[in-house]
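Me: I should like to learn how to read the interior, the helices and the aromatic rings of a protein model. May we go through one structure feature by feature?

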Amino acid sequence: MEKFVCLHGHFYQPPRENPWLEAIELQDSAYPYHDWNERITHECYAPNAAARILDAQNRIVEIVNNYSRISFNFGPTLLAWMEKRMPEVYQAILDADKASLKIFSGHGSAMAQIYGHIIMPLANSRDKLTQVIWGIRDFEHRFGRRPEGMWLPETAVDIESLEIMTEKGIKFTVLAPHQASKVKPIGGKTWQDVNFSKIDPTMPYEYHLPSGRKIVIFFYDGPISRAVAFEGLLGNGEFFARRLMGAFSDKRNWNQLVHIATDGETYGHHHKHGEMALSYAIHHIENNNLAKITNYGEFIEKFPPTFEVDILENTSWSCAHGIERWRSGCGCNSGMHHGWQQDWRAPLREALDWLRDRLIPQFEEKGRTLLRDPWAARNDYIGVVLDRTPENVEQFFNEHAVKPFNDHEKIVCLKLLEMQRHAMYMYASCGWFFDELSGIETVQVIQFAGRALQLAKELFGDHIEKEFVGRLEKAKSNIPENKDGKTIYDKFVHPAMVDLTKVGAHFAINSLFQEFNEGAMTYSYLVENEGFETLEAGKSKLAVGKIRVTSEITRESALLGFSVLHMGDHNLTGGVRPFQSEFEYQNMVKDVKDTFSKADFPESIRSIDRHFGNATHSLKTLFRDEQRNILNLILETTLTGAESVYREVYENNAPLMHFLVDLMVPMPKALKTAAEFVINNNLRQLFEMDVLDLERTQGLLAEAKKSHITLDSTGLGFTLQKTLERLMGYLSENPSDIHLLRDVVSASQLLTSLPFEVNLWKIQNDFYLMMRDYYPEMRDKAKGKDNTAQAWMDSFVLLGKILAVRMP
């Protein structure tokens, strides 16, 4: 009998996009990266696309794409973000699936996923159907083939969901061993109890549905999966491989499949260098002919199920109480906040269910006046979500509209469907998974609800927000200042709401600090200039204009007039309102310009107030990324002055500080703060240079060590990483440039003396490709007595040694 191994990774992040901007805003907690998607991509998703296999000396001998050798699924919303923000990683994932088709007998390793990662047993029937359809359509759009398998979020399972999946052509799914109830040979009569994870996970099982359809279920190996996720098994790739092989038994008389399933983030994000343990385990198993690596689709083609299984409905892989983690304070939590309660989960779900059910009849009633079948249109709306080009949207209308639409009807139709999209997004499982109501994931799902409420108000004039927030008030926070769901809604959701006027205000304020581009996109909004002027007086600046703002999502548009005055530093005020008439607009422009030209700024402010009333804005109006960029510009002068003071304190007292260190006398906090600021700042500036001053850098590092100065290891490492990546990028484009090669070598030599780690992943990747594609040519030239080529070879080999890459 043959032995097979399959390793499944469930790669997923909750939707982090601002529901009004369709983009992820700056998340400071992800420092030094922009946001958590970006950080986890660099720690996990990208490394798994180019994982290292090391030799006994810890040198890279091969770089492989793990995705082509494992089974995996990616959350659709994560892939949508990755396609735009990390296209190279995104393409590597798609390429891996294509490669796996050749490796695994025509069966791709990618599985589809329920679209919005909702807990399916808690969803209504319509949402279940839409989520399955959207998950399949998204998969087909990206991977270019029909999915064979589909991942259930949190492996939360119920019969109705399996019925829908099989109806739509899904052949298999994966569950936890404790979700099996009983088994029997297919065609047999006697069931065997396998409750409490007693099922044998080394074979596939067939589940017979009430409809007469069947689906294959794989139950992963629980102990090994737990060891990988929580018990440190990824500390050594060979140990990992041995543990997998230890699950086979000579007592079994069938072709055995040892398979595990964990969060994909286990390999690199939760466990640093976990992707290397994964790649080495696969390498070790294959090179030693211990077992055949396979995926689920290939295995069931070769070895169809011989046993039937019955399952325990309303169970999951991450809640000991079934699916209570997503609707009650069952006791399941992260374990990081002793004494906190999760009773808020029930009123949160009840509030969202109330909102969903309140919107259904309104959607149906209004939808029937525009769409042949509103629910069929919602099922098909994923095609618009994936492609919002005007041509594709028109095609959607042609297929579903009861008549040709005018512009207003198009906007109403899109708003109806967007309302439904957000009413599904608000059920993303992470909203309940963690410990606190005001956590980032829970606030996110409440924001999706806020967007659905806003659209409902615009469509129906409904004022149901107050009742919804009243229901949220029953959910109590563990953090006193956040109190309850109402406080959290008022604090984090309502201020985040955006309309066309707020987008216009953002653009108007931003135009004072950066050049206006004709037809500029501001997140998911097109801003077109229909009249724009700026005036300056010393440090003060005035902008007045007329712009058209159009939503790329709903096609709604507004013509706005604005006036914004910046009086230096953070002192800024402005007004934005819908365009009334050309006469009123010109009157506003003249009035504001006249007062500004006299440098009468108090009167300028009063003028703006007269014309715009309460529709005034400040820097607080800006969306987070641009707000931070502009504040950094404003702070630049202040920080330069502060730097000068710190530098003077440090330089004037450096001998005294050295003397204190020699005497082992604690350094006064004021002096230490000045030293930390100056040394970190000097190092950061040096690390940003293409040609590094090694002597000065090493001097600063020695000074920091001697004086016990705390270095910003994360920030400095990230800065040097980006510089090395930039230099290596130049070299990849000009591989024969020996001077550039020597600059890279010189900069890289610094790595051995740093007191912190620098992420060399991309640099090593570029080097590996050069070694494969360009090194042989230079080696041949060097053999032909080409002195320049020999000098290049010497430097390249030295760089390989520094980067820990084994040369051929």
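Reply: Let us begin with a definition: a nonpolar core is a set of buried Ala, Val, Leu, Ile, Met, Phe, Trp, Tyr and Cys residues joined through side-chain atoms within 4.5 Å. Please keep in mind that this is a predicted model.

Me: Which residues touch the most other members of the largest nonpolar core?

Reply: The largest core holds 232 residues, and those that touch the most other members are Tyr45, Tyr67, Phe74, Met82, Phe240, Phe468 and Trp792. Helix α16 (residues 440-460) contributes the most to this core, with 10 residues. A second core, separate from it, has 17 residues, among them Trp151, Tyr296, Phe303 and Trp317.

Me: What does Trp792 touch, apart from residues up to four places away in sequence?

Reply: Trp792 is in contact with Pro735, Ser736, Ile738, Leu741, Met770, Tyr774, Tyr775 and Met778.

Me: How should I read the aromatic rings?

Reply: A pair of aromatic rings is described by two quantities, the distance of the centres and the angle of the planes. Rings count as a pair here if their centres lie within 6.5 Å, and the model has 39 aromatic pairs by this rule. One aromatic cluster is formed by Phe11, Tyr45, Tyr67, Phe72, Phe74, Phe139 and Phe143. Tyr45, Tyr67 and Phe74 of that cluster also appear among the core residues that touch the most other members.

Me: Where does a charged end sit over a ring?

Reply: The charged end of Arg349 is placed over the ring of Trp432, at 4.3 Å from its centre. Likewise, Arg577 lies over the face of Phe612, and here the distance to the ring centre is 5.7 Å.

Me: Let us turn to helices. How does the length of helix α20 agree with its number of residues?

Reply: One multiplies the rise of 1.5 Å a residue along the helix: the 16 residues of α20 (residues 582-597) should span 22 Å, and its end C-alpha atoms are indeed 22 Å apart.

Me: Which residues of α20 are buried, and which are exposed on the face turned away from them?

Reply: Tyr585, Met588, Val589, Val592, Thr595 and Phe596 are buried in α20. Viewed down the helix axis, these buried residues fall within an arc of 145 degrees, so they line one face of α20. The face turned away from the buried side carries Phe583, Lys590 and Ser597, which are exposed. The partners against which the buried residues of α20 pack are β16 (525-537), β17 (540-551), β18 (557-566) and α21 (601-612). After α20 comes Ala599, with a positive phi near 60 degrees.

Me: What does the same reading give for helix α13?

Reply: In α13 (residues 390-400), the buried residues are Val393, Phe396, Phe397 and His400. They cover an arc of only 100 degrees around the axis, and therefore lie on the same side of α13. Glu391 and Asn398 are exposed on the other side of α13. The cover over the buried residues of α13 includes α11 (374-380), α12 (382-386) and α14 (407-425).

Me: Is Leu500 buried or exposed?

Reply: A residue is called buried when its relative accessible area is under 20%. The value for Leu500 is 11%, so Leu500 is buried. Leu500 lies in helix α19 (residues 500-510). Beyond its neighbours within four places in sequence, Leu500 is in contact with Tyr525, Val549, Ser551, Glu556, Ser557, Ala558 and Leu560.

Me: How many residues apart along the chain are Asp690 and Thr723, and what separates their C-alpha atoms in space?

Reply: Asp690 and Thr723 are 33 residues apart along the chain, while their C-alpha atoms are separated by 6.6 Å. Asp690 belongs to the loop between α23 (669-687) and α24 (694-706). Residues up to four places away aside, Asp690 touches Arg726, Leu727 and Tyr730. At 32% relative accessibility, Asp690 counts as partly exposed.

Me: Finally, what should I note about backbone angles in loops?

Reply: Two angles deserve attention, omega and phi. The peptide bond from Tyr31 to Pro32 is cis, with omega near 10 degrees; Pro32 lies in the loop between β1 (3-11) and α1 (36-49). Ser197, a residue other than glycine, has a positive phi near 65 degrees, and is found in the loop between β9 (192-193) and β10 (205-208). For Asn314, also not a glycine, phi is positive and near 55 degrees; Asn314 lies in the loop between β14 (307-311) and α10 (345-368).

Terms used: Residues numbered from 1 in each chain as written. Predicted model: local features only at pLDDT ≥ 70, side-chain atom pairs only at ≥ 80, totals over all residues. Heavy atoms only, no water. Phe/Tyr/Trp six-rings, centres within 6.5 Å; stacked < 30°, edge-to-face > 60°. Lys NZ or Arg CZ within 6 Å of the ring centre and 35° of its normal. Helix = DSSP H or I, 4+ residues; strand = E, 2+ residues; numbered from the N terminus. Expected span 1.5 Å × (residues − 1). Buried < 20%, exposed > 50% of the residue type's maximum accessible area, 1.4 Å probe, protein only. Arc of directions from axis to C-beta. Contact = heavy atoms within 4.5 Å.
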